[in-house]
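Me: I am new to this structure and would like to understand the words used to describe it. Could you take me through them step by step?

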Amino acid sequence: MSTDGTTPNIQLGDYIVIQRQKYTKLQKFGSLDTTSTLGKETLELKSLLDQPYGSTFKMCVKETKTGKRGAQRQHTLELCSDTELRSTREVLGISSSGADNRDICDNGEAQALKSSDIEQLREACNESSKIIEKLVENSKTFHTRTEYSQEKYLLKKEKKYFEFVQIRQPTIRLMVDIFYRQDAEKIMGIRVDTLSQIISYSGVCGFGSYLLYESGTNGLLPAAMMNSIGAGTEGTLVHMHPGNVPQKQALLALKLPLEQQKRCVSVNLYSVLREFYQGNVAPSIDPTEVEAEETLPETPNEEQPEAVEPSTKKPKLDEAPLSGNNKGPLRWQIENKRASALMHGKFDSLVVAAKEHPSSILQALLPLVRPSRPVVVFSTCKELLQETYMELKTSGKVTALHVTSNWLRTYQILPNRTHPEVNMSGNSGYLLTGFTLK
């Protein structure tokens with residue numbers, strides 16, 4: 001939702017979440033020619049332009065191609081109203097059911113329609129309710145099933161033939177669920193409950209300066225922290241990373257206001273530490289030279305030994321470092337200078353989510369944190385945090401140390417059938433938390 005409380009419209013360049021029943025997918029709407037694939041269905045997205053987020057669209061078959069993977073259908077999207085979304089049981093008017101399933105034999109002969117008949121039916125009919133109605137009519141066992149068994153049958157068929165999608169605006173919760181389901185390793189196995197505890201322990205809010213080091217979470221951690229900092233506030237975030245360019249997909253997907261984006265400074269860890277300890281104050285810079293530099297390709301400086309990130313945000317001109325040439329400073333130099341200034345002022349909390357051993361990273365970054373401020377370290381390996389715990393305990397730099405692990409259990413809540421979900425993740429990493437001492 002926008003700052004004035006209205007629902008924003010979908011624009012070119014936006015990241016969108018496409019939801020088909022319980023399945024969600026993050027997609028960039030880069031141009032009018034953009035398409036998205038949901039299984040064997042290909043969706044043309046051009047009709048989404050200028051429509052409000054939360055709108056529901058009907059998938060209308062445009063073309064069917066037969067390939068090695070079977071029938072591949074290309075769909076256009078047609079805006080529809082929520083009144084069209086009714087349950088299949090309501091549409092079909094099913095009222096009868098059996099007492100139990102003891103006489104049902106699962107021998108594959110219950111459905112009179114053949115696969116070829118069903119494919120022809122899909123081509124001729126674009127409504128899932130009508131397809132399912134034919135399947136029910138030609139099923140020898142449907143009306144003898146229990147009501148619960150019928151519901152499962154209808155849900156299974158709806159999942160396959162459902163022709164509606166909803167376009168949602170990306171949120172932290174949606175992106176965590178999508179990234180975790182697709183490939184949990186790409187976000188270091190951080191589940192939504194673990195992410196919420198990281199944000200809670202770190203004390204991130206709209207005031208103060210915060211320091212984050214992460215080894216690669218698709219931009220999830222900086223996005224969550226900037227989301228907690230909020231728009232129109234005074235909070236700033238220095239986002240340190242080990243590579244050439246930071247991972248920012250989740251941060252870009254949030255589509256934060258420009259002033260909020262500028263308060264997130266992404267820098268290479270080793271490069272900014274060198275700037276912090278060795279950098280010099282630069283003289284004033286000609287604005288036209290900085291503007292010209294903004295158009296250069298985003299590549300690291302060839303003379304820079306460490307991998308550094310060429311940021312896309314424009315900083316204050318009087319904070320830029322010397323570039324060593326007549327074209328003005330490079331982006332990574334500007335961002336290093338901005339981060340270095342914040343580092344001299346020190347931070348109100350430190351968050352580290354490292355694939356590597358966090359010990360040396362903490363040694364370098366702890367002096368940058370004010371006394372009595374929270375420290376949060378995430379790792380997928382318990383032993384690394386136990387070693388770090390003992391080192392911090394011995395050093396006396398951090399107090400109230402705890403190592404914790406989350407275990408989340410989700411439940412299906414339905415009438416007369418409430419139970420834990422069958423598939424659950426056993427672990428989402430470990431947290432080491434504490435508070436700095438003077």
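**Reading the terms**

Reply: In this predicted model, helix α14 (residues 382-395) consists of 14 residues and spans 20 Å from its first C-alpha to its last, close to the 20 Å expected at 1.5 Å a residue.

Me: What makes the buried residues of α14 line one face of the helix?

Reply: The residues concerned are Leu 384, Leu 385, Thr 388 and Leu 392. Looking down the axis of α14, one finds its buried residues within an arc of 90°, so they line one face of the helix. In general, an α-helix has 3.6 residues a turn, so residues three or four places apart point the same way.

Me: What covers the buried residues of α14, and which exposed residues does the face turned away from them carry?

Reply: The cover includes α13 (359-365), β12 (374-379), β13 (398-405) and β16 (430-436), while Lys 393 and Thr 394 are the exposed residues on the face turned away from the buried side. After α14 comes Gly 396, whose phi is positive, near 75°.

Me: How do you know that the buried residues of α2 are on the same side of that helix?

Reply: In helix α2 (residues 115-124), the buried residues are Ile 118, Leu 121 and Arg 122. They cover an arc of only 100° around the axis, which puts them on the same side of α2. Gln 120, Glu 123 and Ala 124 are exposed on the other side of α2.

Me: Why is the aromatic pair of Phe 276 and Tyr 277 called edge-to-face?

Reply: A search of the whole structure finds three aromatic pairs. In the one formed by Phe 276 and Tyr 277, the rings are 4.8 Å apart centre to centre, with 75° between the planes. Centres within 6.5 Å make a pair and planes over 60 degrees apart count as edge-to-face, so these values fit that name.

Me: Why is Phe 276 called buried, and why is Tyr 277 called exposed?

Reply: Phe 276 has a relative accessibility of 14%, which is under the 20% limit, and therefore counts as buried. Tyr 277 has a relative accessible area of 56%, which is over 50%, and is therefore exposed.

Me: What is the volume of the largest pocket, and what lines that pocket?

Reply: The largest pocket has a volume of about 2000 Å³. Its lining is made up of 39 residues, with Lys 22, Tyr 23, Lys 159, Arg 181 and Glu 421 lying nearest its centre. Among the elements that each supply at least two residues of the lining are α2 and α5 (172-183), whereas α4 gives the most, with seven residues.

Note on methods. Residues numbered from 1 in each chain as written. Predicted model: local features only at pLDDT ≥ 70, side-chain atom pairs only at ≥ 80, totals over all residues. Heavy atoms only, no water. Buried < 20%, exposed > 50% of the residue type's maximum accessible area, 1.4 Å probe, protein only. Helix = DSSP H or I, 4+ residues; strand = E, 2+ residues; numbered from the N terminus. Arc of directions from axis to C-beta. Phe/Tyr/Trp six-rings, centres within 6.5 Å; stacked < 30°, edge-to-face > 60°. Expected span 1.5 Å × (residues − 1). Contact = heavy atoms within 4.5 Å. 1 Å grid on protein atoms, 1.4 Å probe; cavity = no way out; pocket = protein on both sides within 12 Å on 5 of 7 lines; lining within 4 Å. Points joined across faces, edges and corners; volume = space filled by probe spheres on them.
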